[in-house]
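This briefing is written for a reader who is new to the structure shown below. It begins with the pairing of strands and then moves through the overall make-up, the interior and the charged pairs.

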Amino acid sequence: FETLQNEAEGGLSLPPSTKALLRTVYIMGIILVLLLIALIGGIIWKATQPKPVPPAVEQVQDLKLDLASIRHIALDGDRLAVTTDREVVVIDLRSKSVLLRLPQKP
């Protein structure tokens, strides 16, 4: 990589700036290949790792409200607020989970 091949002459010597440029191009090529290998390895690692288990939330089926004690129901978007004699319960209808249980003060 240090000489240019020329048919008329035996070869020409490269100037130092061109040698430095060639070294820089080779180094950047090696870095590019290493980063590509790291990217592929990261994708494989991410694909083989088990997904984390989402935290358990109280499901609406476990809500157990006495229908006779319900005083008021309010719906706002995907949130349902149920007011009973003892507490206020806010339910997320999309995820079917209880967001808030607020006891009523006597």
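Strand 5 and strand 6 pair in the antiparallel sense over 6 bridges, where two strands count as paired if DSSP finds at least two bridges between them. Helices (H or I, at least four residues) and strands (E, at least two) are DSSP runs, numbered from the N terminus. The model is a predicted one, in which local features need pLDDT of at least 70 and side-chain atom pairs count only at pLDDT 80 or more, while totals for chains, interfaces and linings use all residues. Residues are numbered from 1 along each chain as its sequence is written, and side-chain values use heavy atoms, with hydrogens and water left out.

**Overall make-up**

- The protein contains 1 helix and 6 strands, and from the N terminus on these elements follow the order β-β-α-β-β-β-β.
- Of the 106 residues in the protein, 13% are buried, a word that stands for under 20% relative accessible area, with exposed meaning over 50% and partly exposed in between (1.4 Å probe, protein chains only).
- About 9100 Å² of the protein is exposed, and carbon and sulfur atoms supply 65% of that area; accessible areas come from the Shrake-Rupley method with a 1.4 Å probe, and for residues only the protein chains shown count as cover.
- Among contacts between residues at least 6 apart in sequence, 17% join residues at least 24 apart, a contact being heavy atoms within 4.5 Å.

**Strand 5 and its partners**

- On one side, strand 5 forms a hairpin with strand 6, with 4 residues between them, and Lys96 in this turn has a positive phi of about 55 degrees.
- Within this pairing, Val89 has Arg101 of strand 6 as its bridge partner.
- Strand 5 also pairs with strand 4 in the antiparallel sense, over 5 bridges, and these two strands form a hairpin with 2 residues between them.
- In that second pairing, Thr83 has Val88 of strand 5 as its bridge partner.
- In a regular strand the side chains alternate between the two faces of the sheet.
- Both faces of strand 5 are covered, with Glu87, Val89 and Ile91 buried on one side and Val88, Val90 and Asp92 buried on the other.
- Strand 5 is largely enclosed by the rest of the structure, because 6 of its 6 residues are buried.

**The nonpolar core**

- The largest nonpolar core has 6 residues, namely Leu63, Leu80, Val82, Val89, Ile91 and Val98; such a core is a set of buried Ala, Val, Leu, Ile, Met, Phe, Trp, Tyr and Cys residues joined through side-chain atoms within 4.5 Å.
- Strand 4 and strand 5 each supply at least two residues of this core.
- Leaving aside neighbours within four places in sequence, Val89 is in contact with several residues, including Leu63, Leu65, Leu80, Val82 and Val98.

**Salt bridges**

- Side chains of opposite charge can pair when their charged atoms come close.
- The whole structure holds 5 salt bridges, each being a side-chain nitrogen of Lys or Arg within 4 Å of a carboxyl oxygen of Asp or Glu.
- Arg101 and Glu87 meet through their side chains in a salt bridge, at 2.8 Å from N to O.
- With Arg101 in strand 6 and Glu87 in strand 5, the pair ties together parts that are 14 residues apart in sequence.
- Arg101 is partly exposed at 32% relative accessibility, whereas Glu87 is buried at 16%.
- Salt bridges that share partners join Asp78, Arg79, Asp92 and Arg94 into one network.
- Within this network, Asp78 forms a salt bridge with Arg79, with the closest N and O atoms 3.8 Å apart.
- Asp78 is partly exposed, with a relative accessible area of 23%, and Arg79 is partly exposed at 41%.
- Arg94 also forms a salt bridge with Asp78, the closest N and O atoms being 3.6 Å apart.
- This pair links distant parts of the chain, 16 residues apart, with Arg94 in the loop between strand 5 (87-92) and strand 6 (97-103) and Asp78 in the loop between strand 3 (70-76) and strand 4 (79-84).
- Arg94 counts as exposed, at 72% relative accessibility.

**The loop between helix 1 and strand 3**

- Ser69 lies in the loop between helix 1 (16-48) and strand 3, where Ser69 counts as buried at 7% relative accessibility.
- Not counting residues up to four places away in sequence, Ser69 touches Thr83, Thr84 and Asp85.
- Leu67 is found in the loop between helix 1 and strand 3, and Leu67 is exposed, with a relative accessible area of 69%.
- The C-alpha atoms of Leu67 and Thr84 are separated by 8.7 Å, with the two residues 17 apart along the chain.
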